[in-house]
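Subject: Handover of a structure with a bound ligand

Dear colleague,

Please find below the structure that I am passing on to you. A summary of what was found in it follows, arranged by site.

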Amino acid sequence: MDSKLALPVGTTLDRFIMRKEKDFPYATGELSQLLRDIALASKIVNREINRAGLLDIAGAYGNQNVQGEEQQKLDVIANIRFIRAFRNGGEVCTIISEEDEDIIQTGNPHGKYIVAMDPLDGSSNIDVNVSIGTIFSIYRRKTSQGCDGDLTDCLQRGVEQVAAGYVIYGSSTMLVYTTGNGVNGFTYEPSLGEYFLSHPDIKTPKTGKTYSINEGSYNSFPQGIKDYVEYCKSNEYSARYIGSLVADFHRNLLKGGVYIYPSTLKAPNGKLRLMYECNSLAFIIEQAGGKATDGVNRIMELEPTSLHQRCPLVIGSPEMVDKVTEMLKKSEAALVQA
Ligand code: FBP
């Protein structure tokens, strides 16, 4: 049989999930189904994003979310699509969403899982055709099944995550996730409506020459971060900042680099949210051999105290994150001695 005539299409996400499920002797299939629900919702959101310019779904929605940010119509659409997928799926009891102040009950009190999500990350880039994304974290509930989840179920440290991932809606659409056994990336093939394994066992380079930070806020950066930016410039590193966390993170994950959203005078705790931006990407980068800190502490060990709390983020290639931490420590020490 001349197989060259029909080249194999590759491993679908579904098949990969089923294969990996066998690694967990006590697996019940619920986490697998939840990952499939996320994939399905992301395909629908991808379709809406691709044709946003043709439909009246671009632009502002006319509301502010709990962050005080102007909600975009696509923010609201993505939020609805993922919440609906979790409601219909049945595995999730409670959701934390960037778009909702309070926790969302799905009406599945027997659901075993909690999902924390940023339905559409990179809001400032939605209408200008620049890559945006969805970020998610999955936790096992702490309270017993049979009732709605509560804050104790939701406010868990990053080390408690059972899975985390993101979808990047870019030149191609990809789903990248971990369940604590490495990081794998799947590229969406719209003509077949399937995700295919395209980036198996992703490992981030130990170091790189790319730094991602919004230098527009340079004057209000901590001294250690200013020192690091100068260090990058004096070593002719490349500055790359898309303004979509998922897109900047994805590039640095594959090519090496560091993304920094520090505390600033305007945002003393930084801008990014611990539960559905920092924790999720920290789990992935650590599984890929990288590091994530708030400049001092490991993100995954931070104790959450509120649903939408913010924290500074330094994430990427391990040696670059260490360099940032070292410079922050040095400048702090200099301040103490002064
Ligand atoms: P949301 O768009 O989900 O609110 O995410 C925050 C974000 O847009 C990140 O994607 C991005 O890296 C950062 O904020 C950009 O912030 P700034 O414009 O202050 O640099």
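Helices (H or I, at least four residues) and strands (E, at least two) are DSSP runs, numbered from the N terminus. On that basis, Glu98 falls in the loop that joins β3 (92–97) to β4 (104–105). Please note that the model is predicted.

Annotated positions

The unreviewed UniProt entry carries the annotation "binding site" at Glu98, Asp118 and Leu120. These residues span 23 residues in sequence, but no two of their C-alpha atoms are more than 8.8 Å apart, so they gather at one spot. A further "binding site" annotation of the unreviewed entry names Asp118, Asp121 and Glu277. That set is spread over 160 residues of sequence and nevertheless clusters in space, with a largest C-alpha distance of 8.7 Å.

Asp118 belongs to strand β5, which runs over residues 113–121. Because its relative accessible area is 1%, and buried means under 20%, Asp118 is classed as buried. Beyond its neighbours within four places in sequence, Asp118 is in contact with Glu98, Gly133, Thr134, Ile135, Tyr276 and Glu277.

Leu120 is also located in strand β5. Its relative accessible area is 1%, so Leu120 is buried. With residues up to four places away in sequence set aside, the residues that Leu120 touches include Val45, Ile49, Leu74, Glu98, Ile126, Ile132 and Tyr169.

Glu98 has a relative accessible area of 2% and is therefore buried. Residues up to four places away in sequence again left out, Glu98 touches Asn65, Val66, Gln67, Glu69, Met117, Asp118, Pro119, Leu120, Arg273, Tyr276, Glu277 and His308.

Glu277 is placed in helix α7, residues 274–287. Its relative accessibility is 1%, so Glu277 counts as buried. Not counting residues up to four places away in sequence, Glu277 touches Glu98, Asp118, Asp121, Ile135, Leu245 and Leu272. In addition, a polar atom of the Glu277 side chain lies 2.7 Å from the backbone nitrogen of Arg273.

The ligand and its surroundings

Which residues are closest to the ligand? They are Asp121, Ser123, Tyr241, Leu245 and Tyr261, within a surrounding set of 18 residues. By character, the shell around the ligand divides into six nonpolar, five polar and seven charged residues.

Three short polar distances may be of use to you in setting up calculations on the ligand.

- Ser123: a polar backbone atom lies 2.8 Å from an oxygen atom of the ligand.
- Lys271: an N or O atom in the side chain lies 2.9 Å from an oxygen atom of the ligand.
- Arg273: an N or O atom in the side chain lies 3.0 Å from an oxygen atom of the ligand.

Taken alone, the ligand exposes 470 Å², and the protein buries 88% of that area. Two elements, β5 and β13 (258–261), give two or more residues to the shell around the ligand. The largest share, three residues, comes from β5.

Two further residues

His250 is part of helix α6, residues 245–255. Its relative accessibility is 10%, so His250 counts as buried. Apart from its neighbours within four places in sequence, His250 is in contact with Tyr166, Ile168, Met174 and Val176.

Arg298 is situated in the loop between β14 (291–293) and β15 (313–316). Is Arg298 buried or partly exposed? At a relative accessibility of 31%, Arg298 counts as partly exposed, because that class lies between the limits of 20% for buried and 50% for exposed. Leaving out residues up to four places away in sequence, Arg298 touches Val159, Glu286, Ala292 and Thr293. With Glu286 the contact is polar and runs from side chain to side chain, at 2.7 Å. The C-alpha atoms of Arg298 and Ala282 are separated by 8.7 Å, although the two residues are 16 residues apart along the chain.

With kind regards

Note on methods. Residues numbered from 1 in each chain as written. Predicted model: local features only at pLDDT ≥ 70, side-chain atom pairs only at ≥ 80, totals over all residues. Heavy atoms only, no water. UniProt positions renumbered as here; feature names shortened; annotations may be inferred. Buried < 20%, exposed > 50% of the residue type's maximum accessible area, 1.4 Å probe, protein only. Contact = heavy atoms within 4.5 Å. Polar contact = N/O pair within 3.5 Å; in protein donor to acceptor, adjacent residues only side chain to side chain. Near = heavy atom within 4 Å. Areas by Shrake-Rupley, 256 points an atom, 1.4 Å probe, with all protein chains shown as cover. Nonpolar A, V, L, I, M, F, W, Y, C, P; charged D, E, K, R; others polar.
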